[in-house]
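Let's walk through this model together, starting with charged pairs and ending in the interior. Please keep the viewer open as you read.

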Amino acid sequence: MTWMVYGANGYTGRLIAELAVKRGERPILAGRSAEKVEPVAAALGLEHRAFDLSRASAHLEDVEAVVHCAGPFAHTSAAMVDACLKTRTHYLDITGEIDVFESIGQRDIDARKAGIVLLPGAGFDVVPTDCLAALLSKALPTATHLDLAFAAGGGASAGTAKTSVEASAAGGRIRENGELKSVRIGHRRRTAHFRSGPREVGSIPWGDVSTAYRSTGIPNITTFTIVPGVVGQLQQVFAPVLQAPLVQNVAKAFAGKVKGPDERRRANTRAEVFGEAWDAGTRVECAITTPNAYSLTADSVLRAVGKVNGVRPGSHTPSSAFGADFVRELDGVFVGEIRAN
């Protein structure tokens, strides 16, 4: 397959490219700036291209799949999806942004007509949580509620930090009776029974309030991570300030200086996921342990690229594309037993 990593000069894009070469793959590396992409490609002995997203279709005619890594995806995904539909190129990305999942989900008919797969969230956002949601739904098909929680160690990349800055101004999101609803961050708290032990977590706007709903049809979904209780209170007070363009620009400037975890830190940190689904009379839960979130993302993306030609055309979540057990195929992942209570 001829495939491309767009945004290859970014932290996660580079990790994907490096792992691809280690596994004998030779993707085309691309991005907006030749000055930034060329050194990465030269170091790995790969072809490179430089183009703005407004001209993407002219550079995808000979490409079967593109892995889009240039976020924030709220600003970049639509143009790349349009180009992929035009050139009949499979689209994968590493977003965790709820509105991006929603908008790409609405392109399902377009993707079917073009004969391509649209797969946002092919990395840690949201492969482990989406597959866990599908596993729990399979165990309890009558589930009406789903909670998903994660704890990721090792720190964030600049791209993740910038996206988080934008999301912080919008507050929290949940799925309630099938509809997306805005709430404050940390509006709900609970105990997540991770494999390492119980941890208190608070609600956050994670991509699964979109993807898990599409994967399972469960109408009430809340996502969680480790959030101090005071964070939700502060977010409610300062959200209007965070929406100001000047504040956003300053915060993004600081976020852009984040380096992301180095190889040693990635090797020595892990992520954990917990999920619980229930109906009126039964609850089922399960916990998953994974490698560092960025390491899992690179592995997951490469495996997804290798499988995408066998997926039914349309807009997909990871579990709808590859099945709930896709997460079990990833390196270093342990999926616990599903327990009923």
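Glutamate 47 and arginine 49 meet in a salt bridge, their closest N and O atoms lying 3.1 Å apart; the term stands for a side-chain nitrogen of Lys or Arg within 4 Å of a carboxyl oxygen of Asp or Glu. Glutamate 47 is partly exposed at 43% relative accessibility, whereas arginine 49, at 14%, is buried. Here buried means under 20% relative accessible area, exposed over 50%, and partly exposed in between (1.4 Å probe, protein chains only).

A word on the source: this is a predicted model, in which local features need pLDDT of at least 70 and side-chain atom pairs count only at pLDDT 80 or more, while totals for chains, interfaces and linings use all residues. Residues are numbered from 1 along each chain as its sequence is written, and side-chain values use heavy atoms, with hydrogens and water left out.

The whole structure holds 20 salt bridges. One of them joins arginine 23 to aspartate 331, with 3.1 Å between the closest N and O atoms. Because arginine 23 sits in the loop between helix H1 (11-22) and strand E2 (28-31), and aspartate 331 in the loop between helix H13 (318-322) and strand E16 (334-335), the pair ties together parts 308 residues apart in sequence. Helices (H or I, at least four residues) and strands (E, at least two) are DSSP runs, numbered from the N terminus. Both partners are partly exposed: arginine 23 at 36% and aspartate 331 at 40%. You can also find a network of salt bridges linking Asp147, Arg188, Arg190, Glu276 and Arg283.

Which acidic residue is buried yet has no salt bridge? That is aspartate 208, whose nearest side chain of opposite charge, arginine 175, is 11 Å away (Lys and Arg count as positive, Asp and Glu as negative; His and the chain ends are not counted). Aspartate 208 belongs to helix H8 (residues 208-216). Contact means heavy atoms within 4.5 Å, and beyond four places in sequence aspartate 208 touches residues including Val126, Asp130, Leu148 and Tyr213.

Now to the interior. The largest nonpolar core has 94 residues, of which Trp3, Ile16, Leu29, Met80 and Leu146 touch the most other members; such a core is a set of buried Ala, Val, Leu, Ile, Met, Phe, Trp, Tyr and Cys residues joined through side-chain atoms within 4.5 Å. Helix H12 (residues 293-307) gives the most to this core, with eight residues. Apart from it lies another core, of seven residues, among them Phe194 and Phe274.
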